[in-house]
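Here is a walk through one protein chain, meant for someone who has not seen it before. It starts with the whole chain and then turns to its parts.

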Amino acid sequence: MILLRRLLGDVLRRQRQRQGRTLREVSAAARVSLGYLSEVERGQKEASSELLSAICDALDVRMSEVMREVSDELSLAELAAAEPVRPVLEPVPVPGPAADRMSSITQKTAQSAVDVVAA
């Protein structure tokens, strides 16, 4: 199962690390306890919209940018978790005598294509 709080925490942590800042610095600027910010970054706590706004302000990043990055990661995670879809043009196996007829038709078609190219 994909947890939104985990994706959000990952994005916030990356933002903080890109800036070379510590949890202590960001937690002080956001006026939130270091432990709580750490739990948010690890996806163990859900950040309220007020808390998320304070963290984004402390990181000097727009909340919409954070949410866009979370949305992109969610899309990728959903695609990765989805069952593979068979391509539309994949051959469908035909059981029994019809399979033998299809095989001979395919061989004749292939030979005709070779004859046309050779001509």
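The paragraphs below go from the overall layout to single helices, their packing and a few individual residues.

The model is a predicted one. The protein chain contains six helices and zero strands, and read along the sequence its pattern is α-α-α-α-α-α. Of the 119 residues in the chain, 23% are buried. Among contacts between residues at least 6 apart in sequence, 64% join residues at least 24 apart.

A place to begin is helix H2, which spans residues 23-30. Which residues of H2 are buried? They are Val 26, Ser 27 and Ala 30. These residues cover an arc of only 100 degrees around the axis, so they sit on the same side of H2. On the other side of H2, Arg 24 and Ala 28 are exposed. The cover over the buried residues of H2 includes H1, H3 and H4.

Just after H2 comes Arg 31, with a positive phi of about 60 degrees. Most residues other than glycine have a negative phi. Arg 31 takes a positive value although it is not a glycine. Its place is in the loop between H2 and H3. Is Arg 31 buried or exposed? Its relative accessibility is 79%, and because exposed means over 50%, Arg 31 counts as exposed.

Beyond that loop lies helix H3, made of residues 34-41. The buried residues of H3 are Leu 37, Ser 38, Val 40 and Glu 41. They cover an arc of only 160 degrees around the axis, and therefore they lie on the same side of H3. Helix H1 (4-18), H2 and H4 are among the elements that cover these buried residues. H3 is followed by Gly 43, which has a positive phi near 75 degrees.

Val 40 gives a closer view of the buried side of H3. Its relative accessible area is 2%, and since buried means under 20%, Val 40 is buried. Which residues does Val 40 touch, not counting those up to four places away in sequence? They are Arg 5, Gly 9, Leu 12, Lys 45, Ala 47, Leu 51 and Ile 55. One of these, Gly 9, is 31 residues apart from Val 40 in sequence, yet the two are 5.5 Å apart in space, C-alpha to C-alpha.

H1 has a buried residue to look at as well: Gln 15 has its place in this helix. Gln 15 has a relative accessible area of 10%, and is buried because that value is under 20%. Leaving aside neighbours within four places in sequence, Gln 15 is in contact with Leu 59, Val 61 and Glu 69.

The next step is to see how helices pack against each other. Helix H4 covers residues 49-59, and its axis and that of H2 come within 8 Å, crossing at roughly 120 degrees. H2 and H4 are therefore oblique to each other. The crossing in which H2 passes H4 is right-handed. From H2, the residues making the contact are Val 26, Ala 29 and Ala 30; from H4, they are Ala 54, Ile 55, Ala 58 and Leu 59. What classes of residue make up the contact of H2 with H4? Seven are nonpolar, with no polar and no charged residues.

H4 also packs against helix H5, at an angle of about 105 degrees and with the axes 9 Å apart. Because of that angle, H4 is roughly perpendicular to H5. Here H4 contributes Ser 49, Leu 52, Ser 53 and Cys 56, while H5 contributes Met 63, Val 66 and Met 67. By class, the residues of this contact divide into five nonpolar, two polar and no charged.

Between H4 and H5, which runs over 63-81, is a loop that holds Asp 60. Asp 60 is not a glycine, but its phi is positive, about 55 degrees. At 73% relative accessibility, over the 50% cut-off, Asp 60 therefore counts as exposed.

Technical notes
Residues numbered from 1 in each chain as written. Predicted model: local features only at pLDDT ≥ 70, side-chain atom pairs only at ≥ 80, totals over all residues. Heavy atoms only, no water. Helix = DSSP H or I, 4+ residues; strand = E, 2+ residues; numbered from the N terminus. Buried < 20%, exposed > 50% of the residue type's maximum accessible area, 1.4 Å probe, protein only. Contact = heavy atoms within 4.5 Å. Axes fitted to C-alpha atoms, helices over the stretch in contact; angles between N-to-C directions. Parallel < 35°, antiparallel > 145°, perpendicular 65-115°, else oblique. Left-handed = near helix turned anticlockwise from the far one by under 90°. Nonpolar A, V, L, I, M, F, W, Y, C, P; charged D, E, K, R; others polar. Arc of directions from axis to C-beta.
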